[in-house]
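User: Could you take a close look at one part of this model for me? I would like to understand a single residue first and then what surrounds it.

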Amino acid sequence: MKPIQQRERIRMSLYDLGGATRNEIAEHTGLLVQTLCRRLRELEDLGHIVRFQHRECTCTHQRNIEYRLSGHMRGTITRRAA
């Protein structure tokens, strides 16, 4: 799968979940965590997602970073879906 397709799956996953940790995103998208880490960094650099807070992951029950879509990306995806 191409990196562009992986980034789109991550964006849609965050849109559906509202916010998620790496492991939760991996579970939702089916991507490997190793692949996901690189794509999350790319999406952060592009300004599409932000690190929101540290919280307990529902998969690992450890404190992890929760990622969310940035404000302009939520609007973009909502307009695209309509």
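Where is the place of Gln6?

Analyst: Happy to walk you through it. This is a predicted model, in which local features need pLDDT of at least 70 and side-chain atom pairs count only at pLDDT 80 or more, while totals for chains, interfaces and linings use all residues. Residues are numbered from 1 along each chain as its sequence is written, and side-chain values use heavy atoms, with hydrogens and water left out.

Gln6 lies in helix H1, which covers residues 3–17. Helices (H or I, at least four residues) and strands (E, at least two) are DSSP runs numbered from the N terminus. Gln6 counts as buried because its relative accessibility is 9%; buried means under 20% relative accessible area, exposed over 50%, and partly exposed in between, with a 1.4 Å probe and protein chains only. Leaving aside residues up to four places away in sequence, Gln6 touches Met1, Leu31, Thr35 and Arg39, where contact means heavy atoms within 4.5 Å.

Two of those partners, Thr35 and Arg39, lead us to helix H3, since both appear in the contact of H1 with H3. On the H1 side, Pro3, Gln6, Arg7, Ile10 and Arg11 take part, and they meet Thr35, Leu36, Arg39, Leu40, Glu42, Leu43 and Leu46 in H3. By type, these residues are six nonpolar, two polar and four charged; here Ala, Val, Leu, Ile, Met, Phe, Trp, Tyr, Cys and Pro count as nonpolar, Asp, Glu, Lys and Arg as charged, and the others, Gly among them, as polar. The axes of H1 and H3 come within 10 Å and cross at roughly 80°, so the two helices are roughly perpendicular to each other. Axes are lines fitted to C-alpha atoms, for helices over the stretch in contact, with angles from 0 to 180 degrees between N-to-C directions. Angles under 35 degrees count as roughly parallel, over 145 as roughly antiparallel, 65 to 115 as roughly perpendicular, and the rest as oblique.

Farther along H1, its neighbor is helix H2. The axes of H1 and H2 come within 10 Å and cross at roughly 105°, which means that H1 is roughly perpendicular to H2 as well. Arg9, Ile10, Ser13, Leu14, Asp16 and Leu17 of H1 make this contact with Glu24, Ile25, His28 and Thr29 of H2. The set divides into four nonpolar, three polar and three charged residues. Ile10 appears in the H1 contact with H2 and also in the H1 contact with H3.

H2 and H3 meet too. The axes of H2 (residues 22–29) and H3 (residues 33–46) come within 10 Å and cross at roughly 110°, and so this pair is roughly perpendicular. Their crossing is right-handed; a crossing is left-handed if the near helix is turned anticlockwise from the far one by less than a right angle, and right-handed if clockwise. From H2 come Arg22, Asn23, Ile25 and Ala26, and from H3 come Val33, Leu36, Cys37 and Leu40. Those residues are six nonpolar, one polar and one charged.

Within H2, Glu24, Ile25, Ala26 and Thr29 are buried, and the buried residues of this helix pack against H1, H3 and strand E1 (49–56). Just after H2, Gly30 takes a positive phi of about 85°.

The loops bring in parts of the chain far away in sequence. Gly18 sits in the loop between H1 and H2 and is partly exposed because its relative accessible area is 38%. Its C-alpha is 7.8 Å from that of Leu69, although 51 residues separate Gly18 and Leu69 in sequence. In a similar vein, Thr60, in the loop between E1 and strand E2 (63–69), lies 37 residues from Asn23 in sequence and 7.6 Å from it, C-alpha to C-alpha. Thr60 is partly exposed, at 33% relative accessibility. His61 shares that loop between E1 and E2 and is exposed at 52%; it has a positive phi of about 60° although it is not a glycine.

For the wider setting, the protein chain has four helices and two strands, running α-α-α-β-β-α from the N terminus. Of its 82 residues, 35% count as buried. Among contacts between residues at least 6 apart in sequence, 50% join residues at least 24 apart.
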